[in-house]
Amino acid sequence: MLLNAPTSLFLYPNRRIFSNGCLRVQKTWKQSMCISTKPVIDDRILRISDKDALTAVPENIVVTPSTNASVFLGATSSEKSCRHVFKLGVMELRFLSLFRFNIWWMIPRVGNSGSDVPVETQMLLLEAREEQVVSASNASPSYILFLPVLDGDFRSSLQGNSANELELCVESGDPAIVASQFLNAVFVNYGNSPFDLMKESMKILEKHKGTFSIRETKKMPGMLDWFGWCTWDAFYTEVTPQGIKDGLKSLSDGGTPAKFIIIDDGWQETYNDLQKEEELSPVALQFGSRLISIKVNNKFWKKKNESPNEATNDLKDFVIEIRRDFGLKYVYVWHALMGYWGGVHTDAPETKKYNSQLRYPLQSQGNLANMRDFAMDCMEKYGVDTIDPSKISEFYDDLHKYLASQDVDGVKVDVQNILETLGTGLGGRVSLTKQFQQALEKSIAANFQDNSIICCMGQNTDSIYNCKRSAITRASDDYQPRNQTSQTTHVAAVAFNSIFLGEIVVPDWDMFYSRHYAAEFHAVARAVGGCGIYVSDKPGQHDFTVLKRLVLPDGSVLRAKYPGRPSRDCLFNDPVMDGKSLLKIWNLNKFSGVLGIFNCQGAGSWPGLHSNVENSTCSELSGRVSPADIEYFEEISGETWTGDCAIFLFNSGSLVRLPKEGYLDVSLGVLQCDVFTISPIMFGVTPKGTFGWPLLGETLSFLRPHSSNSLGTFLQDHCSRYGKVFKSHLFCSPTIVSCDQELNYFILQNEDRLFQCSYPKPIHGVLGKSSMLVVVGDTHKRLRSVALSLVSTTKSKPDYLNDIEGTAIQILHSWRGKQQVIFCDEARKFTFNVIIKQVLGLTPDEPQTTKILEDFLTFMRGLISFPLYIPGTPYARAVQARTRISSTIKAIFEERKRNRGYSKRKSDFLEILLSVNNLSEDEKVSFVLDSLLGGYETTSLLMALAVQFLGQSPAALQQLKLEHRSIRSFKQRDEYLNWEDYKKMEFTQNVISEALRCGNIVKFVHRKALKDVRFKDYLIPSGWKILPVFSAVHLDPSLHGSTLEFHPWRWEKQSQTSKKFTPFGGGPRFCPGSELAKVETAFFLHHLVLNFRWRTVGVDQHPLAYPYVEFQSGLPLRVDPIL
Ligand code: HEM
């Protein structure tokens, strides 16, 4: 904050400071010197990044800084009032307005100056081109965004006047709620991408206002991904159980089963007091009716013994029946925000408790200036029985609890904007809306799973900016199948409204008829809309050709990633009435972009505007379509994009190749549309190979055991057929197998950037979620840095080497008097005793050591077993053993913490580990377990391999003996080895490296590609598994001469750390225990070669790679002490 101060002072000279920190620049010099992008009023001009947004700005208009590039525009008045209209200044830029044409719904309007801005504008986007290139239509514009927001109890909107001035209207909706100063009324921001600008602005507002949440953070209801059916246009309020069953059946029979249903208006028990007195039209009857019970009406009653007198008002059996018969996943029902259109009956026995009061809605002047609405007229005439706000939580809770008890999953909540007309005497429209919204969302969360709510008729900013959890909102006026002029406006309105609404919710495109002259038009719009897809066909009246393009046979739908919105070049054109512009709606799928192109001209007009273009003159329109119309294309194109795209044209079924900035001409007749699927063409191709069997792929062949100093038949066959890098299907995932040293190295070095460690899930089950092999990203970095510092601290302690050597001497001492030993068992005993001493300070004879060893053996067996979690299987036993080891380790932790400083047992490792404060207890336990695991099997195997190879190579054994005799000759009889001695063991190091190369303890490691990666000519697709196979590189004859020969001398000329030798892995996951493993092996060999002669007995010629390496008989040795 402090750093910002001088900058701000420089940018705002001569400012007048208002209370609350807002500022206004006084007249300075004519030509703007302001270089800030931040909006500032300078010389009565609201200037943003050198662009004049408003001129002749009145004195009472102020800006309050928000972020570096955004501000709030506000106004002050000398008088307090519940409604003010302030002039903001003259506006002469191309704009897009989203405004409410009636109380319920928003539509777009484009224009060129303030006078064109409609009343009730809720979003205003200005196009700001550089002065000198105003006429150059191809210059990239920038954008200025005005968002009138909620400011305390007031709600703002924008409008224009005949003097080209933009005006700000602030209103509370309650004469008792008055104010004179509104500092945060309009949010103003600036940017080069209209979509980023909107996204960033909403993020800032979310944080600043705290009253709503953005879409990205919300839980999405599962119904969005399934095809649905709504009863509204099928039956209107005449919906019946039989009708519902008929509709579900015919959709199912046709091959597009509905998996969610909305039982719309018509299921509730309502009453209209006036119906006795007046002859009411059906709609007036509907809008004047009140809810008299929260339960279903008698159409849905369950009749006992077919007698209507013996019926229960139960919906549950019906819901269960339709779920069972039609495989429905989600059942939603409709209700109004106030219960029903006319509210909740004041006197009905079941609803009296909600203390409703008859209130007559009062529309704002803004709404009255636009269009009237019939439903609103009825509600104004008959009044609304308004639930007492203090009872609203109870009402929603009762209603939703009842519905949940009837097996209903969620609700569509309609008529939301009504609240803005009922604020008088109730604290005003903003606070009333907030109260109702909070109660509603709380009840949804308490009574339904899955955030199951669709909001409707809630397009005023009062509702939108109070939408914390609700994730779906209807984004336009109703789909009206019988209104010929609204088919095109519906599609265009949703697309444009989604620019604004789409940041906070998933815009809902409403239902449509699949058998209708505009069905394809609506279907294509839903396909690119990123929305839920549902129809409202009457039973039996479907067009399955249309439906099957949207719905998969299992009833799921392929939903695009974002809310579908108009492409940039459409933003300031009127796609419905200018007679020349096509509408293009862009979206992204997982791997491609998608563009819907619509001719909306000549088939309707916006409410409130009369068409200048005769329908007949608009026949066919032409326009340009380019891959550049798709925003955020880089999300799918990745690093390997050639810059060209493959475009599939749906109508013609043709495929075209285009560079990104290239374009195609399209021509469409009235109400015609097309869809283009645009895929980036990548460099490189996925390597050759085959996927093998479904699911298992080639896993079994890949894992077929073979001698660990060979490739095995699978790798041999595949490499000779496809090369060193090939594709396969392994461990239930498409996989690239790499036997190429360069690619292996590239993978290891790019951990967390392009690739990530990804061991199969069952391994996670045994190792636990905090194991170093399982964790990724920052957690891995944190655990690893502790590991590295522990390794370096412990190895500098004098006991470190002495403990290792002492344990080796102990084991070898126990061989005296024996003729034969099973070497693998002995080596495991050695490595276990070393690591348990190093890590926990325990000696072999302590009970805790025995207990851990026992559980550890069970654990190890499970780790390499088939991952089946059925009680009794080795895998299940391993999971349990891990829990037991964890408890033992935790007990040791506790004991050590209690006896700090007094304990006889010593473990520097443990002392340090316990004092680390950036690891949780579970992470510390996992850490110990990782060390035991890493230090046990692998190191003992290395020792066994060395012993086996030395037994077959007398020359190597002889040279090794000479090296160790020489080292010993400089020491006293029982003197311990030290680091200098270890450094002298050069030939021993060569033996160890050669044993690692020939033995291949770790054959490969598991990784996955985080994005599409291009390497040489290969493409490694994002999400695929990739296995760098170390053994293939170690046994590659072009890299290591006489590959199959155990030849330690090769390491005299060759580096032991190189791309072609990676027994301990590499990059950020290089084995932290490599040195310990080598020291243990070297010290053990030291005493072994000086004190024993040995020869192998029986069949263990070479261990097998399963791929974990194992000597089948445990390497029996006949041993002979050297006296
Ligand atoms: C001959 C003996 C050993 C061999 C061949 C070996 C091999 C490896 C390899 C190849 C990796 C990399 C795994 C990957 O990239 O996914 C690794 C990681 C690891 N090793 Fe070893 N290791 C040995 C001994 C040890 C010892 C003695 C310890 C501990 C005392 C140990 C602890 C670990 C740990 C904790 C990791 C995970 C490192 C990380 O993910 O950052 N290893 N080891």
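Colleague: At what angle do helix H26 and helix H29 pack, and how should I read that angle?

Modeller: Angles from 65 to 115 degrees count as roughly perpendicular. In this predicted model, helix H26 (residues 921-952) and helix H29 (residues 986-999) pack at an angle of about 100°, their axes lying 9 Å apart, which makes H26 roughly perpendicular to H29.

Colleague: Which residues in H26 and H29 meet?

Modeller: From H26 come Leu942, Leu945, Ala946, Phe949 and Leu950, and these meet Val991, Ile992, Ala995, Leu996, Cys998 and Gly999 in H29.

Colleague: Turning to the surface, which residues make the nonpolar patch, and where is Phe650 placed?

Modeller: The patch, of about 290 Å², is made by Phe648, Phe650 and Leu655. Phe650 sits in the loop between strand S35 (641-649) and strand S36 (654-659).

Colleague: Why does Phe650 count as partly exposed?

Modeller: Buried means under 20% relative accessible area and exposed means over 50%, with partly exposed in between. Phe650 has 34% relative accessibility, and therefore counts as partly exposed.

Colleague: What do the totals for the whole protein come to, in secondary structure, burial and contacts?

Modeller: The secondary structure comprises 31 helices and 51 strands, and 58% of the 1123 residues count as buried. Among contacts in the protein with a separation of 6 or more, 73% are accounted for by residues 24 or more positions apart. The C-alpha trace spans about 120 × 90 × 70 Å along its principal axes, while the accessible surface comes to about 45,100 Å², of which 52% belongs to carbon and sulfur atoms.

Methods: Residues are numbered from 1 along each chain as its sequence is written. This is a predicted model: local features need pLDDT of at least 70, side-chain atom pairs count only at pLDDT 80 or more; totals for chains, interfaces and linings use all residues. Side-chain values use heavy atoms; hydrogens and water are left out. Patches are made of residues with over 30% relative accessible area and no salt bridge: like charges are joined within 9 Å, nonpolar side chains (Val, Leu, Ile, Met, Phe, Trp, Tyr) within 5 Å. Accessible areas come from the Shrake-Rupley method with a 1.4 Å probe; for residues, only the protein chains shown count as cover. A salt bridge is a side-chain nitrogen of Lys or Arg within 4 Å of a carboxyl oxygen of Asp or Glu. Helices (H or I, at least four residues) and strands (E, at least two) are DSSP runs, numbered from the N terminus. Buried means under 20% relative accessible area, exposed over 50%, partly exposed in between (1.4 Å probe, protein chains only). Axes are lines fitted to C-alpha atoms, for helices over the stretch in contact, and angles run from 0 to 180 degrees between N-to-C directions. Angles under 35 degrees count as roughly parallel, over 145 as roughly antiparallel, 65 to 115 as roughly perpendicular and the rest as oblique. Contact means heavy atoms within 4.5 Å.
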